[in-house]
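User: I am new to reading protein models. Can we go through this one step by step, with short answers?

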Amino acid sequence: MTIFVDMDDVLADTYGKHIELYNIEHKQDLQLSHIQSGEVWHNVPEIHHKSVREHALQPGFFRDLVPIKDSIQVMEALYNKYEVYIATAATQFPNSLLEKVDWLAEHMPFITWQHQIMCGHKFILNGDLLIDDRTYNLEKFQGDTLLFNSPHNVKDTGYTRVANWQEIAERLL
């Protein structure tokens, strides 16, 4: 089985990084528990939308993201059992390409460079399963899909959802 796994908000906590930077920049105390749905910028005053939307353009944003709980251990087990590739839209943000490669080298060194796909559209991927938090990546994928829970996708329907990496382990290991 060939499995493609997204990075942002699936392996690495991009959402939490946006909240952290927002709180530092605007001296606020926004918590994930305060957010019902939507992107982080949907949950802050309009005057702050632009600054939150520009976080991903800052050098270093992708380099020091916190791994999602249990992602490293489950990914290593999946990698040992299946043909697993990282498929991330690294070309969307100019600094993210090298930062994501470095992040993977630090947190998931078992994933070789040959199993890292830094791409744009993911519908071009040909495999059995795509695990992603963005429905626009899942909707045209020809194989099976798992929608990884994130506040920004709570209102999206029509996909098999997983809440965490333990659920992925239960399904695939």
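User: How many aromatic pairs does the structure hold?
Analyst: This is a predicted model. Aromatic rings count as a pair if their centres lie within 6.5 Å. By that rule, the number of aromatic pairs in the structure is six.

User: Is the pair of Phe4 and Phe141 stacked or edge-to-face?
Analyst: The ring centres of Phe4 and Phe141 are 6.2 Å apart. Their planes stand at 85 degrees. Planes over 60 degrees apart count as edge-to-face. So the pair is edge-to-face.

User: How many residues apart are Phe4 and Phe141?
Analyst: Phe4 sits in strand E1, residues 2-5. Phe141 lies in the loop between helix H5 (135-138) and E5. The pair therefore links distant parts of the chain, and the separation is 137 residues.

User: Which residue forms one aromatic cluster with Phe4 and Phe141?
Analyst: Phe4 and Phe141 are both buried. They belong to one aromatic cluster with a further member, Tyr85.

User: Which strands stand at the edges of the sheet?
Analyst: Six strands form an open sheet with parallel pairing, in the order E3-E2-E1-E4-E5-E6. An edge strand has a single partner, so one of its sides is left without a neighbour in the sheet. The strands at the edges are E3 (116-118) and E6 (161-162).

User: What angle does the direction of helix H4 make with that of E3?
Analyst: Helix H4 covers residues 96-107 and packs on the sheet. It touches strand E2 (83-88) and E3. Its direction makes an angle with that of E3 of about 165 degrees.

User: Which residue in E5 is the bridge partner of Leu130?
Analyst: Strands E4 (residues 129-132) and E5 (residues 144-148) run parallel. Four bridges join them. In E5, the bridge partner of Leu130 is Thr145.

User: What span should helix H1 have?
Analyst: Helix H1 has 13 residues, 14-26. The expected span is 1.5 Å times one less than the number of residues. The end C-alpha atoms are 18 Å apart, which agrees with the expected 18 Å.

User: Which residue caps the N-terminal end of H1?
Analyst: Look for a side-chain oxygen by the backbone nitrogen of Gly16. The two atoms lie 2.8 Å apart. The oxygen belongs to the capping residue, Asp13.

User: Is Leu172 buried or exposed?
Analyst: Leu172 is found in helix H6, residues 165-172. Beyond its neighbours within four places in sequence, its contacts include Met1, Ile3 and Leu129. Its relative accessibility is 11%. Buried means under 20%, so Leu172 counts as buried.

Notes: Residues numbered from 1 in each chain as written. Predicted model: local features only at pLDDT ≥ 70, side-chain atom pairs only at ≥ 80, totals over all residues. Heavy atoms only, no water. Polar contact = N/O pair within 3.5 Å; in protein donor to acceptor, adjacent residues only side chain to side chain. Pairing = 2+ DSSP bridges. Contact = heavy atoms within 4.5 Å. Axes fitted to C-alpha atoms, helices over the stretch in contact; angles between N-to-C directions. Phe/Tyr/Trp six-rings, centres within 6.5 Å; stacked < 30°, edge-to-face > 60°. Buried < 20%, exposed > 50% of the residue type's maximum accessible area, 1.4 Å probe, protein only.
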